[in-house]
Amino acid sequence: EFGENSCVFYDICFTQKMKQEHELNAMFRGALENGDFKVYFQPKVSLEDEKTAGAEALVRWQHPEEGMISPGDFIPLFEKNGNICRLDCYVFEEVCRTIDRWRREGRKLFPVSVNLSRQHFKRNDFLNQFADVAAKYRIPEGLLELELTESIFFDDNSIAMVRESINRMHELGFKCSLDDFGSGFSSLGLLKEFDVDTIKLDRLFFLDMSKPKAEDVVECLIDLAGRLKVKTVAEGIETQEQIDFLKQIHCDMVQGFFYSRPLRAEEFEEWADRRG
Ligand code: C2E
Ligand code: MG
Ligand code: MG
Ligand code: MG
């Protein structure tokens, strides 16, 4: 009998989940037009002088009934259809608008990175769209960075095709970073294939630094990046101990709650003004 019940229970949950997914997808367009997707900026801090190095743009959904929904709860849904590409373009344009406002207000212009879903790589001309938006806001070269993860290879994209996209990013004046580096299986090999500007070391590396080999692994990766002239960002940094260690091994930048959570644009501006 228990088995029967748990089966029914499972069915209800599954149906509810499907219904919820369907509703979130159905609400996507309206939410986009309403401006319910909010772009947050999480500061990156340069370890050399502990000053603001830039920010990563992270999206949240301000849902009228559900409240704030984090990307982990809707991005996987939007990756199943074309929505994620529209959303990424929206985030990218919001970032351009913000940088344009900084310029008009005479503020310092910080580099901002935007996450790119692997879905974009299904269309080989997707970068032109980004370039048109950047040109519309006359964003200076080098201020916009595109973050990609090795999940682009979950689809049938080839190394050659992705390499070409990265070269094209550079032609268009974008920087490119490899996100969540080290969380997957093929990260190290990708470094010899791609001309990326930055690697973002996944927060998993720093979760348990007490394991005897943990520090050695991170130190070797930072040394390797240095040899390849690739900048390093440590992600998910929460403690002073992590900062001390990362300084000692010459990691370039850190991003994490230790310095700041993701902030609204205005909050980021205040934060950066204070920190320099
Ligand atoms: P990500 O690109 O690796 O972004 C870093 C994530 O780590 C963010 O989660 C950030 O809030 C979180 N984080 C930062 N510092 C800390 C820390 O000290 N401790 C912990 N525990 N977490 C920290 P978030 O904002 O929930 O985003 C999750 C993922 O969703 C992102 O991972 C990215 O893959 C994706 N994402 C977010 N915004 C976008 C977007 O506009 N487009 C696309 N395609 N993906 C996005
Ligand atoms: Mg990212
Ligand atoms: Mg990341
Ligand atoms: Mg990560």
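Biologist: Which residues are the protein donors of the magnesium ion, ligand 2?

Modeller: This is a predicted model. In it, Glu 56 (OE), Asn 115 (OD1), Glu 147 (OE) and Asp 179 (OD) are the donors for ligand 2. They lie 2.1 to 2.2 Å from the ion.

Biologist: How are those donors spaced along the chain?

Modeller: The pattern is E-x58-N-x31-E-x31-D.

Biologist: And which strands hold Asn 115 and Glu 147?

Modeller: Asn 115 is in β4 (residues 112-115). Glu 147 is in β5 (residues 144-148). The pair therefore ties together parts that are 32 residues apart in sequence.

Biologist: Now ligand 3. What are the protein donors of that magnesium ion?

Modeller: Asp 179 (OD), Asp 180 (OD) and Glu 235, with Glu 235 (OE) listed twice. Distances run from 1.9 to 2.6 Å.

Biologist: What's the spacing of the donor residues in sequence there?

Modeller: For ligand 3 it reads D-D-x54-E.

Biologist: How far apart are the two magnesium ions, and which residue coordinates both?

Modeller: Ligand 2 and ligand 3 are 3.7 Å apart. Asp 179 bridges them.

Biologist: Switching to ligand 1. How many residues surround it, and which are the closest?

Modeller: The count is 22. Arg 60, Asp 88, Asp 179, Glu 238 and Phe 257 are the closest. So Asp 179 turns up again: it is among the closest residues to ligand 1 and a donor to both magnesium ions.

Biologist: How does that shell divide into nonpolar, polar and charged?

Modeller: Nine nonpolar, five polar and eight charged.

Biologist: What polar atoms sit by ligand 1's oxygen atoms?

Modeller: A polar side-chain atom of Asn 115 is 3.0 Å from one oxygen atom. Asn 115 is also a donor to ligand 2. From Phe 257, a backbone N or O atom lies 2.8 Å from an oxygen atom of ligand 1.

Biologist: And which side chain is 3.0 Å from a nitrogen atom of ligand 1?

Modeller: Arg 203, through an N or O atom.

Biologist: How much of ligand 1's accessible area does the protein cover?

Modeller: 80% of the 800 Å² that ligand 1 has on its own. The space ligand 1 takes is the largest pocket.

Biologist: Which elements give two or more residues to its shell?

Modeller: β2 (51-63), α3 (83-104) and β6 (175-181). The largest share, four residues, comes from β2.

Notes. Residues numbered from 1 in each chain as written. Chains lettered and ligands numbered in written order. Predicted model: local features only at pLDDT ≥ 70, side-chain atom pairs only at ≥ 80, totals over all residues. Heavy atoms only, no water. Near = heavy atom within 4 Å. Polar contact = N/O pair within 3.5 Å; in protein donor to acceptor, adjacent residues only side chain to side chain. Areas by Shrake-Rupley, 256 points an atom, 1.4 Å probe, with all protein chains shown as cover. 1 Å grid on protein atoms, 1.4 Å probe; cavity = no way out; pocket = protein on both sides within 12 Å on 5 of 7 lines; lining within 4 Å. Sits in = over half its atoms within 2 Å of the grid points. Nonpolar A, V, L, I, M, F, W, Y, C, P; charged D, E, K, R; others polar. Donors = N, O, S within 2.8 Å, 3.2 Å for Na, K, Ca; no water.
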